[in-house]
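Here are my notes for you to read with the structure open beside them. Take the points one at a time and find each piece on screen as you go.

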Amino acid sequence: MILKIALKELKELFREGRFRIAAVIVFALLITSFLVSKRYYDYVNEQHEAARKNARNEWTGQGEKNPHSAAHYGTYAFKPKYPLALIDNGVDKYSGVSIFLEAHKRSDAQYMAAQDQTALSRFGDLTPDFVLVFLIPLLIILLGFNAMSRERESGTLRLLLSQGVKPITLVAGKWLGLFLPIVLLVLPVFVLAAFLLAGVSNFGQFSMAAFTILFVVYLLYYAVFTNLTLLVSALVKKSSLAFVALLSVWIISCLAMPKVTSAIAEELYPYPTQSEFETQIAADKKNGLDGHDPWNAASKKLEAETLAKYGVDNVSQLPFNWDGYLMQQGEEHDAEIYFKHYNLLKETYENQTRVYRTTAALSPFLPTRFLSMAICRTDYAAHWNFADAAERYRIMLVGKMNGDMVDNSKTGDWDYLANEKLWESVPDFEYQPPAYAAVFAANQSNFATLLVWLLVSFAALYVAVSKIKVI
Amino acid sequence: MLEARQLTKKYNDATALNAVSFTVNPGEIFCLLGANGAGKTTTINLFLNFIQPTSGEVLINGVSVPANPVETKKHLTYIPENLTLYPNLSGIENLDYFAGLSGKKYSKENLQIFLTEAGLQTEAQSKRVSTYSKGMRQKVGIALALAKDAKVLLLDEPTSGLDPKASNEFSELLTRLSKKGVATLMATHDLFRAKETGTHIGIMKQGVLVEQLTTDQINHTDLEKLYLKHMN
């Protein structure tokens, strides 16, 4: 019976102009945005690969020089672009792709919200995700707003119920009749994407499981919108009114709520401005060790302690290069300062994330978007993970340079030169993103929120429909 | 087959139907006459369980309608004043859908036989219903009764707005169905049709069934006089 109703709905839908036109437009948009992203992705990856090789060549080919100078010369860490970024570009556009790694300075501040970003950047921009999270819900509304109200207006509802059809059976059939075309529309794009992405060779950890979960997340989201559409169509007696009501639902869930949420998060836990952030770091640096200033109080203290420890009067009598040692001590101290301040920043970010997770209950759009970005590895969490890995690499690199100087040269010997043997002994920066298990664990609440939306909207639909009256 | 016992429906203080009792046996066509608002449609809605009685009983085949809303609809076909179908589907597809919803499965040929029997021209059957006239849509309703093998017909002013020829055709179909043993309850304003087609007549006024008679007891002129007497 349910299937019969669904088939009849589909038959009517396919005979109607609005579905054909809307479906063709959405399908074309989806395919186009996907192919455009694919091209952009290939282009970016090519550049990325070239730049990565180039940076490595520059590092290993920098010639003979003092190791600490090499640490100043620095190199770059490049953030890999993952295949699924094709589907959802997330905040990638705003978070930057490379980090300069040098002595004394953690320099990725330019990619941080401490710079000049608004919290809105969490919601990305025009790629397939635009069609998937914004347009398809609109399509569901367009196709289903009068699913129930039209039966009521034209009188066919009376005829249906006079046949002994239970309202809930009718709605179940209509639900399938609305949901299946959407699946049919989205599925080919995902299948095409799976084939293309599986063939991507660069940075190519493409996980079919993650991709399938992404697809399921979108389907859950569409199911929620199908429920809401039928619910409003059953509650509101006039089709025109149902349409306006549903458009309002769409505007609130997809446009207003994300911005309200951002505003709340930013209001409760504001990020420091770029200059505030830098001033705080500079203040801490000034009051602490400074590797280049031996007269600084702290380094004087360290010098006295070290001389006492080795029982010598002068730093030149130490069995290692004091300059290098002092610089490494300063480096480690600076790293701690950066660690402290970036952790403060991260705390703000995590507080904001908590706000987003709570407010995600207000709109099915939010948990969907967060999950989509997380699975595509284009959310802020993914960026943080990369930036932290780059910082660990920077500390290792600088430590290795200073260490070589400490061990292989004498105090005051600034003419000591290291060669490419040392440069090559530094491993290339190989970034491994967090495993999907960790990503999913961090997004449990988003999964839960989306499921709650699904269940509550099903329940509301069930209650509304079992109470439906024809007179 | 169709039975109303002291059937009463009240909306707050207003009484839409007051202690109405009548029986329609198989093969009978019971025509309810009365002004708009007399309670004819309310009576039909009660038989469909679209509304529930305040007191009294409404039975189909001896089974209480409010207690068994699905079961009592098994052998029932309802044709409203303006039978609306799905405009983008053909007559055959509409019939297939509605018959299917009551659990009947027919081949396309069988559906065509029902439609032909109901008087719908063969060439119209596979055309979309959006091109149908009201009379043609009513015929699909009759075909549905045939397809369902309905024992009960509930008709709410089915011939209003039909031209005399279509109206006559419709009456002939009703007569044919009643000969098969169908119990028909029809609300109508058409005294002439009621006298010609009906076997029994009930006149309603302000929710009360003020007169019940058989059509062979009375001629057309006297029926009109009786009706007007009650209305004034």
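**Notes on the two chains**

1. Let's begin with a small backbone detail. R377(A), just after helix α14(A), takes a positive phi of about 60 degrees. Keep in mind that this is a predicted model.

2. Now step back to the helix itself. Is α14 of chain A, residues 365-375, mostly covered or mostly open? It is mostly covered, with 11 of its 11 residues buried. The buried residues include F365(A), L366(A), F370(A), L371(A) and I375(A), and also R369(A) and T368(A).

3. Chain A as a whole has 18 helices and 3 strands. Its radius of gyration is 30 Å, while a compact globule of 471 residues would come out near 23 Å. The box filled by the C-alpha atoms of chain A, taken along the principal axes, is roughly 105 × 45 × 30 Å.

4. How much of chain A counts as buried? The figure is 41% of its 471 residues. As for contacts in chain A with a separation of 6 or more, 86% of them are accounted for by residues 24 or more positions apart.

5. Here is a residue to click on: R150(A), which sits in helix α6 of chain A, residues 149-154. Is R150(A) buried, exposed or partly exposed? It has 16 other C-beta atoms within 10 Å, so it counts as partly exposed; a buried residue would need 20 or more, and an exposed one would have 12 or fewer. Try a distance too: R150(A) and D415(A) are 265 residues apart along the chain, and their C-alpha atoms are separated by 87 Å.

6. Over to chain B, which has 8 helices and 10 strands. Its radius of gyration is 17 Å, close to the 17 Å that the globule rule gives for 232 residues, so chain B is as compact as a globular protein of that length. Its C-alpha atoms fill a box of roughly 50 × 40 × 30 Å along the principal axes.

7. The same two bookkeeping figures can be given for chain B. Of its 232 residues, 47% count as buried. If you take the contacts in chain B between residues at least 6 apart in sequence, 70% join residues at least 24 apart.

8. Next, look for the open sheet of 6 strands in chain B. Its order is β6-β7-β8-β3-β9-β10, and the pairing is mixed. Which strands lie at the edges? They are β6 (76-79) and β10 (208-214) of chain B, each of which pairs on one side only. On average, neighbouring strands in this sheet are turned by 15 degrees against each other, direction ignored.

9. Zoom in on one pair in that sheet. Strands β3 (residues 29-34) and β9 (residues 200-205) of chain B run parallel and are joined by 5 bridges. G34(B) stands opposite M204(B) in β9(B). Helix α5 of chain B, residues 134-148, packs on the sheet and touches β6 and β7 of chain B; its direction makes about 175 degrees with that of β6(B).

10. Finally, see where the chains meet: 19 residues of chain A are in contact with 20 residues of chain B. On the chain A side, the elements that give two or more residues are α1 (2-15) and α7 (156-162) of chain A. What is the mix by class on that side? It has 6 nonpolar, 6 polar and 7 charged residues.

Terms used:
Residues are numbered from 1 along each chain as its sequence is written. Chains are lettered from A and ligands numbered from 1 in the order in which they are written. This is a predicted model: local features need pLDDT of at least 70, side-chain atom pairs count only at pLDDT 80 or more; totals for chains, interfaces and linings use all residues. Helices (H or I, at least four residues) and strands (E, at least two) are DSSP runs, numbered from the N terminus. The radius of gyration is taken over C-alpha atoms; the globule rule is 2.2 Å times the number of residues to the power 0.38. Two residues are in contact if their C-beta atoms, placed from the backbone, lie within 7 Å. Two strands pair if DSSP finds at least two bridges between them. Axes are lines fitted to C-alpha atoms, for helices over the stretch in contact, and angles run from 0 to 180 degrees between N-to-C directions. Ala, Val, Leu, Ile, Met, Phe, Trp, Tyr, Cys and Pro count as nonpolar, Asp, Glu, Lys and Arg as charged, and the others, Gly among them, as polar.
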